[in-house]
Structures are given as structure tokens and as C-alpha cells.
Amino acid sequence: MLHELLLALLGFTGDFVLDASPARRRAAPTEAAAGGGDGDGEGEVGPAFRLAPDLTFLQPSERSAIERLISLGFYYRELNRFATESRDLSWIHSSLDLSTPNADKTLKGKVKKGSVYRRAIANGITEILSVYRSAVLQVEQNLLSDPLPILATVTHGLNKFEVLLPPLYELVMEIEHKDIKGGQLLNLLHKRCHCGVPELQSCIQRLLWHGHQVMFNQLTSWMVYGILQDQYSEFFIRRQDDRDGENESSQRDGDKFMQKLAKDTTLTSWHTGFHVSLDMLPEYIHMRVAESILFAGKAIRVLRNPSPGATLQEPFNQSQNSKGSHRIQSFAGGSGAPKELTNFCNISAEELLPQAEADRIDAMLKALKHSSEFHKRPFESAVGSIRTIAASHLWQLVVVRADLNGHLKALKDYFLLAKGDFFQCFLEESRQLMRLPPRQSTAEADLMIPFQLAALKTIGEEDKYFSRVSLRMSSYGMKSSTSRKDLQKPNASELPSQGKASSELALDGWDSIALEYSVDWPLQLFFTPDVLSKYRKVFQYLIRLKRTQMELEKSWAAVMHKDHADFSDYCKDRKNGSATQLRRQRSKPLWHVREHMAFLIRNLQFYIQVDVIESQWNVLQSLVQDSHDFTELVSFHQEYLSALISQSFLDIGSVCRILDSIMKLCLQFCWSIEQYETRPNIAEIDHITEEFNKKSNSLYTILRSSRLAGSQRAPFLRQFLMRLNFNSFFETTAKGVLNSGSRLRPSTAGAHL
């Protein structure tokens, strides 16, 4: 009987020990997994080993003790089955055979998917079962050496396994029924570690150690070599393939950028290649740490796999031999990229990431891997150190080798209008063109001529970045005209009915002027489509503002020229002096209105260019000089752009609409007074004046509101409001003391100004 019992303890039944329902129990896990069972099926009932009912010579106490012992044999058999199936690799050949087109579809559904983590846990269970088998063997030797073998010898030798095997059996049943793998399996083991049985806790910790071995192997592959080894989608770093549809850019130039990424796997991996899978992220690994692991692996991929044909400029020589005419030709071609580059050198992965640094990362991960237990703080510290190494070398690549600061300065010069002479010349050259609504088919080509002329007049040979700048007319705001009459500047007779609509058409169309900036590898890691889109947004706002200011100045210059000519005529022929004086007196209120408009536009432009752009640029420069971390640079640059947008009020819809209306009214006013001498239209000018007063007062009221006063705009916003309201005119008008709708009100404003 004792030999039968020993065999039963190793999972072998016979006449003495019976298996109640082996077929049902063995099929239950597979059926539960295939049917999406939640672990509440019949497979989780008690052990199936039973003593034969015809053993009448056993006492009830002996039967109870033996049944408790043979349950260990059942647990051993099930655990051994789980370990054998999980460690069996024969399914790989089956899956390869069924991958052929002629394979039966029903068989394909039955192929079991592998799990590296489950195989690792199976290795740990095998270790525990080997200890159990050794204990059974020791019991057998004790029984053979004892002249009077007794049941207590078996009970005493296997007593400790009564607290180990049942919980382990429940664990593997839950794993099978719920098809748990990867990070979810680590979570389950981590929760089961917290128990009050020291022996069981040490066993589960050993299983968790085996699971962590797989995780550390994946971390080493990812953070040392930049390779994602995750055949069965168990790692918490996941490829982005399943989320491509969700990540499509809503920007109009997103398609061009994605086509560029398709040609460069390095950029694809950086921008859209990988993400953190929350389903497989262990709960004891913080999301911040997972993001650091994601960044480090992506950075290592970039450093170990430079873009094909990548050339970076030597830091000691920043000159460029491209001629101005060549730059203009390359610009006109639309490529925006330099055609002739000198003093460049090829780079290799060894230069970007020295082998000593890779060995250092590998050593840190090996130290964690060889530790008997997983400790959170050393793990997070090692990940932070690895991330710092990757970020530092990426900083060296982008900032030093790729001349990041030079490109930031170029974006400031052209997108933030720091090169004011260039854009002043461009607007003057294109002024007559912009009097007409843009033709959708040729608008961009029409603008190319004044743009090139402005470049030849103002851009020097030393500016190597201008060749990267290109002009385009986006489809936003473009309206196709329906008749030739709509494309002509309205004459005096058409102003009441069509002048306003035609002016709005012209302004709205030319508002779509935008710049593009050609960025080479590896600067695409820094200047993403979202970043360039923000630069374009600010540029379109600033170019409209500068165009409005120029029109107001041109109108004043034209009138002064006319006034001087009239004065010269008056000196020659004093008989007509009364008519000249009458005309000057009649137009005097108009120039008060113009001065009021120019005062607001000038102060707004000064506020944005000096108080916002220059101050934020100085802050960014100090941060860039003190930082040696790529992620810090990205964060600083994002804060810089956010400050530009917020302090320029581009993120406040009501203010944007008011400013847009004010600029439209200023342009309409300039175009109306040009017709004033030949065919005065007092009604329209009165309407423009009234609307401008309403909009300017509304703007002042919103900007001085308590909601904006407490925001990050407050210090610079107060300076802007102080300039606007230096004589309390805006404040008094906004309170309604003065009648802002009166046509004479601008003259009062002009007197104060």
C-alpha cells in the first residue's frame, strides 16, 4: 500500500488510488481558455484523486490522512502538466506548418500561442517540483530503511508541501483559464507574494524572479541595442502598428511628413514606432519609469541606426559656399533644401554611442537581473541613469553636431519676423499684388517673385539657413472668385454694396501665406510637425499684423505727399488756397482715426516682438546653454512655444476674433481713404470708425479682466495695457463715459495721442 501511495504522490494512479475524472479535468483549462472563461468553471474544484472505496481495512483517521496526502499527487501532476506544456516548443513547427495558404482554417484556430513569461514560470515550477520529488524519494528511502514503516513517516516528510502545492495549483489554473501572460503574469505573482506563509512567499518570489529574468532580457535588448524582442506581445513596450489609424495627423502637411518617415525607419520609430502598453505594464513599475524606458530605447535606436546617408556639419567650420543665386533657385524649386553642402562628414553608430557606454548600460541591467529580489528603488535609479546616458548622447547629436541653436535662430528670424527688413521689403514688393484677391491656381507662384526680390535685397551670403525656407499658400482661407469683377479692386460706386465683401475676400485669401522649413536628420526628432505648425501659426499672425501696420504707414505717407504737393501749389497760386485749406480741414478727422488705429497696431506689434518674443527667446537661450539633456531641451522648447502662443493671445478665441476684426477694419479704412479724394464715402468710413471703436474697447476690456490678470501673461500684459492706456482714454471709453460710437470720438482720441 505504501508503494502505491508513493506512486500516487508522483501522479500515478492505480487500484489503490483512483482518478475521479481525468478527461474532464485535463480538458477544462483548454476549454476555458478557448471560451474566454474567467476561472469559475469546474476545473477549479478540489483534487480528483480518491481512495478506492473497497479498502475496508483502513481506519477513518488513516483514510483521511491518506486522502490528504494523495491530493498532493494530484497537484503535482497538474503542475507538472502545466510545466511540460509551457516548456514544450513543438507548437512552433505546427504554427509554421499552418501558416501556409493551404492550411486548414479550423486547425489554425487551435494552434496555441506561446508565452516566454509562462515558460519562465514553468521553469520555476519545475524547480519546486524537483524539490518535491526529492522529498518523495527521501520518504521512500526512509520507509525502506525502517523495519516497521508507518504512515506517519510519509506525512512527516511531505507536510511542508501541503501549504505549497495547493496555492501553486490555484495559481496555474488561473493563469490557464484567464490566459495570463507577460506583464499581467508579473502582476499576478507580485500580488500573490504578499501572504503570511514564509515558505509559500519564497516559492512565489522565486517564480517572480524567473519572470523578471525575461523582463530584464527584454530590457537589455531594448535599452542596450535598441531592439524590441517581443514575439508574443508580452512586453510593456509595444509597437505602434495597431494604433496607426488613431495617430494620423490632423495637420494639412501631415501626409508629406509621414511619407518622409516611411523612407526613414529611424524617424518612424521615434515619432510613431512605439508606445507604452498599459495592459502589460506591471503595477509596481511607475508610468514615469516606463516612459523613461521607452525614451531610452528609442534614443538608443536612433544612436545605433543613423539615418542612411546622414551627414552632419563639423562644429569647427560653419561656413557655406552656396551662392545667393543658387539658394534662390533651390528655393524656387520648392525643395527648400541646400543643393550644395561642404565641410560635412559621414558618421557612424560608434561615434554616436561609444561601446563603453553600451557596456555600462548592460552592466547596470545585469546587476539588477542577478539580484535575488526585485527592488523598486534600485530599478528606478538604474533606469534614470540609463535615460540620462541616452539623453546626453542624443543632446550631443542634435545640439552640437546638428547645430540646433542655429536652426532655432533661423526659425526666429523667419517665422517670428526677427528679420524685419526682409519682410518689410517683401510686403512692399507684394503690396500691389495683395490688393487683389489671390488666384487659387497661381497665388503661390505670384508671391514667389516679390519673395525672391526681397531675399536678393536683404539676405546676405552668410545666411546659410535661408535656403531651407520656402513660401506656400495653404488652402485655408482661399476662395475662388466667380467673376472677373470680383477680382478687381472696388471703385467708389461699388463700395457700399461690394467693397466690404471684396476687401474681406482679399484679406482672407492672403491670410493663408505660410512658411515651410526643411529639416534634415536628426533635427526631425526635435522639430516635429506639431512644432512647425505652431511656428506657422505665430508667423501668419505676425505677418498680418505687420502688413496692417505697413498699410497704415503707407496711407499716411501718401497723404503727406499729397499735402506737401498741395502746399507747393498753394504757394504758387494763392487764389485756390481756400479750397486746399477746406480739404485739409475736412480730412483732419480721418487722420485722427488713422492715428488711433496705428497707435493700437504699433503697441500690439511692439508688445509681441519685444515683450513676448525677445524675452522668451532670452529665457530659452539661457536654458539651452545650461542643459545637456535632450528631453529637457524638448520640454524647454515646448514651453517657449506655449508662452509665445499664450502671451500673444492666440489661445483665446475671443481675443483672436477681435484682433482679426481690427486688422480687417484697418485695411478697409486704408483702402477707403484712398478713394476719399475722388469719391468720398462718409457713410462707410463712419461705419468702419464705429466698428473699430467698439472692437478696440472690447479688446481692452477683455485684456484687463481678472481671468487674464492672474495668468502667466500678467507681467507683460500689464506693460501692454499701460502703453495703451497711458492717458486713461481706453479705460474711460470702456466704462462708457465717452460715446464710442460717435464719429468725432477718434478725433478726441487723436488729441490725446
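Trainee: Okay, starting inside the protein: which residues line the second largest cavity?

Mentor: The lining is made up of L427, M434, W510, D511, I513, I543, R544 and R547. Keep in mind that this is a predicted model.

Trainee: Sure. How much space lies in the second largest cavity?

Mentor: About 60 Å³.

Trainee: And which element gives the largest share of its lining?

Mentor: That would be α22, with 3 residues in the lining of the second largest cavity.

Trainee: By class, what does the lining of that cavity have?

Mentor: There are 5 nonpolar and 3 charged residues, and no polar ones.

Trainee: How many cavities of 30 Å³ or more does the count come to?

Mentor: The count is 5. The idea behind the search is simple: rolling a probe the size of a water molecule over the atoms shows where empty space is left.

Trainee: Back to α22 for a sec. L552 lies in that helix. Is L552 buried or exposed?

Mentor: L552 is buried, because its relative accessibility is 1% and the cut-off for buried is under 20%.

Trainee: What is L552 in contact with, leaving aside its neighbours within four places in sequence?

Mentor: R594, M597, A598, I601, C666 and C670. There's also a pairing to look at with W671: L552 and W671 are 119 residues apart along the chain, yet their C-alpha atoms are separated by 9.8 Å.

Trainee: Got any other pairs like that, apart in sequence but with a C-alpha distance I can check?

Mentor: Try S654 and L699, which are 45 residues apart in sequence and 8.8 Å apart in space, C-alpha to C-alpha. S654 belongs to helix α25, residues 653-674. Its relative accessibility is 29%, so S654 counts as partly exposed.

Trainee: And where is L453 found?

Mentor: In helix α20, which covers residues 443-458. L453 is partly exposed too, at a relative accessible area of 36%. Its partner here is F422: they sit 31 residues apart in sequence, with 9.7 Å from C-alpha to C-alpha.

Trainee: Switching to the backbone. Which peptide bond is cis?

Mentor: The one from W521 to P522, where omega is near 5 degrees. You'll find P522 in the loop that runs between β8 (513-517) and α22 (529-572).

Trainee: What about phi? Which residue has a positive phi of about 50 degrees although it is not a glycine?

Mentor: D179. Its place is the loop between α8 (165-178) and α9 (182-192).

Trainee: How does D179 count for exposure?

Mentor: D179 counts as partly exposed, because its relative accessibility is 43%. Then there's L417, also not a glycine, with a positive phi of about 60 degrees.

Trainee: Where is the place of L417?

Mentor: In a loop as well, between α18 (404-415) and α19 (420-429). But L417 is buried, with a relative accessible area of 7%.

Trainee: Let's zoom out. How many helices and strands are there in the protein chain?

Mentor: 30 helices and 8 strands.

Trainee: And what share of the residues in the protein chain is buried?

Mentor: Of the 753 residues, buried ones make up 50%. As for the surface, the accessible area of the protein chain comes to about 35,800 Å², and 52% of that belongs to carbon and sulfur atoms.

Trainee: Of the contacts between residues at least 6 apart in sequence, what percentage join residues at least 24 apart?

Mentor: In the protein chain, it's 81%.

Trainee: Last topic, the N terminus. Which residues does UniProt list for "signal peptide"?

Mentor: UniProt lists residues 1-19 under that name, and the entry is an unreviewed one. In the model, that span is 42% helix and 16% strand.

Trainee: How far apart do the end C-alpha atoms of residues 1-19 lie?

Mentor: They lie 17 Å apart.

Conventions
Residues numbered from 1 in each chain as written. Predicted model: local features only at pLDDT ≥ 70, side-chain atom pairs only at ≥ 80, totals over all residues. Heavy atoms only, no water. UniProt positions renumbered as here; feature names shortened; annotations may be inferred. Helix = DSSP H or I, 4+ residues; strand = E, 2+ residues; numbered from the N terminus. Buried < 20%, exposed > 50% of the residue type's maximum accessible area, 1.4 Å probe, protein only. 1 Å grid on protein atoms, 1.4 Å probe; cavity = no way out; pocket = protein on both sides within 12 Å on 5 of 7 lines; lining within 4 Å. Points joined across faces, edges and corners; volume = space filled by probe spheres on them. Nonpolar A, V, L, I, M, F, W, Y, C, P; charged D, E, K, R; others polar. Contact = heavy atoms within 4.5 Å. Areas by Shrake-Rupley, 256 points an atom, 1.4 Å probe, with all protein chains shown as cover.
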